[in-house]
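Dear colleague,

I am handing over the structure below, together with some notes on what turned up when I went through it. Please read the notes with the structure open beside you.

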Amino acid sequence: MSRIKDLQKNLFGGTTSNARQFGMIFTLVAIVLIFQIWTNGLTLRSDNLIALFQQNSYILILAIGMLMVIVAGHIDLSVGSVAAFTGILVAKSMTEWDLPWPAAIVFGLAIGAVIGAWQGFWVAYVGVPAFIVTLAGMLLFRGGNQFIGNAQSIPVPEGFREIGSGFLPEFGPNTGYNNATLLLGLAAAVAVVWREIQARKTRRAMDADPVPMWISILRMAVMVGVIAFAALRFASGRVGTSFPISGIILVALVIAYSFYTRNTAGGRHIYAVGGNSRAAELSGVKLKRVNFFVMMNMSVLAALAGMIFVARSQASGPQDGNGWELDAIAAVFIGGAAVAGGIGTISGSIVGGLVMAVLNNGLQLQGVGTDKVQIIKGLVLLLAVAIDVYNKSQGRFSIIGSLMRPFRRDDSVPPASPPDAEREPAKAAVSG
């Protein structure tokens, strides 16, 4: 019985970073398995997994920036229009202005930074609510996309397409798999083991008891098993395919932003502002600077997402970016972020985005029409959050709360139990 309690505490509901990562993978795997059975094995086919990542990488990139915006207590409705506006300008810069594609990527990121600075100025220094600023931006940059592109599609050169439709290259002996993808999976597995070992060493150095060794071994085995399975799936696709370049970009961003939000003063300031902006300002947090940064950062990531989408589509068009902001917002809230701000994680938002992606992909594999897919996704989002909020308000068991327990921040502390001295009188009163 004690082993079961240890398992529940340290593997599913513990407070360590690794336990959170396991919980996220467990949740996602459960959903994938449901669709794997429903679609008769199509969901986990190599070609389907590769397409799923390519088709949703730009939404997941948007979710990273949107998480920081929502945690800070704002919302950004302009990300789809900013992505489309950037995409059309980058496409024209290469086809009409003869700008080399690497320079065009830098140009696109600069456009995102300028747009973000514009919107961040109105939010942080003028005090206009982000909802209004970005609603105006949605209209402004959507119109700008259609005006500049004259409502036409503009193709992009071959080299630029690699960031959206390219794959890890093949090299080395013929193993029947993509060797670069296998090496990437091996590196990820080694990182998981190394991190678990370092976590145990850190706890010992702090004179804290590490989790039982058998739980660490089980946790590493599950993580490594999932990584190995995914690496083999991506590496065994048809000739010329492997893990997408857009997936590499996404992984790099997840690692960088997770580190920033968890381990830097700037990241902690974002959570402080979202939790209680007044208290944060009184404690020395530069409120305007934080608000300016999250809005500017969101537009830069929107520009990157727009370029990846254009690269995969091989052309920029007038309908690019439609509804992207809604997908990004849904991913963040499904991933455990609070509407009022102050709560949420990068990894949780990625899981929320993947849940929506798998749902969308699975329904399409079953031949469900796009109209019905949108209806189902909307109902799933609304009902899941509504039921969970109701259960929390009634003090009942919360499904999403349990699944999203691994996404809570490391510094969240449960309410302290009253000291023994305070509990003893209560016992005496009851016995009396």
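To begin with the surface, the accessible area of the protein chain comes to about 21400 Å², and 66% of that area belongs to carbon and sulfur atoms. Please keep in mind throughout that this is a predicted model, and that the values below are computed from it.

As for the overall makeup, the protein chain holds 18 helices and two strands, and buried residues make up 46% of its 432 residues. Among the contacts with a separation of 6 or more, 76% are accounted for by residues that stand 24 or more positions apart.

Helix α3, which covers residues 46-71, is a good place to look in more detail. Its axis and that of helix α11 (residues 265-275) come within 8 Å of each other and cross at roughly 45°, which makes α3 oblique to α11. On the α3 side the contact is made by L67, M68 and V71, while α11 contributes I270, Y271 and G274. Sorted by class, the residues of this contact are five nonpolar and one polar, with no charged residues.

I also went through the aromatic rings, where the count comes to 14 aromatic pairs. In one of them, the ring centres of F53 and F234 are 5.2 Å apart and the planes stand at 85°, over the 60 degrees that the label requires, so the pair is edge-to-face. Because F53 lies in helix α3 and F234 in helix α9 (residues 213-235), this pair ties together parts that are 181 residues apart in sequence. The two partners can be described separately: F53 is partly exposed, with a relative accessible area of 22%, whereas F234 counts as buried at 6% relative accessibility.

A further pair that involves helix α3 is formed by Y58 and W324, and this one is tilted, with 4.5 Å from centre to centre and 35° between the planes. It links distant parts of the chain, since Y58 sits in helix α3 and W324 in helix α14 (residues 324-334), 266 residues apart. Both Y58 and W324 are buried.

Finally, you may like to display W118, F121, W122, Y125 and F292 together, as ring pairs link these residues into a cluster.

With best regards

Methods:
Residues are numbered from 1 along each chain as its sequence is written. This is a predicted model: local features need pLDDT of at least 70, side-chain atom pairs count only at pLDDT 80 or more; totals for chains, interfaces and linings use all residues. Side-chain values use heavy atoms; hydrogens and water are left out. Axes are lines fitted to C-alpha atoms, for helices over the stretch in contact, and angles run from 0 to 180 degrees between N-to-C directions. Helices (H or I, at least four residues) and strands (E, at least two) are DSSP runs, numbered from the N terminus. Angles under 35 degrees count as roughly parallel, over 145 as roughly antiparallel, 65 to 115 as roughly perpendicular and the rest as oblique. Contact means heavy atoms within 4.5 Å. Ala, Val, Leu, Ile, Met, Phe, Trp, Tyr, Cys and Pro count as nonpolar, Asp, Glu, Lys and Arg as charged, and the others, Gly among them, as polar. Buried means under 20% relative accessible area, exposed over 50%, partly exposed in between (1.4 Å probe, protein chains only). Accessible areas come from the Shrake-Rupley method with a 1.4 Å probe; for residues, only the protein chains shown count as cover. Rings of Phe, Tyr and Trp (its six-membered ring) pair if their centres lie within 6.5 Å; planes under 30 degrees apart count as stacked, over 60 as edge-to-face and the rest as tilted.
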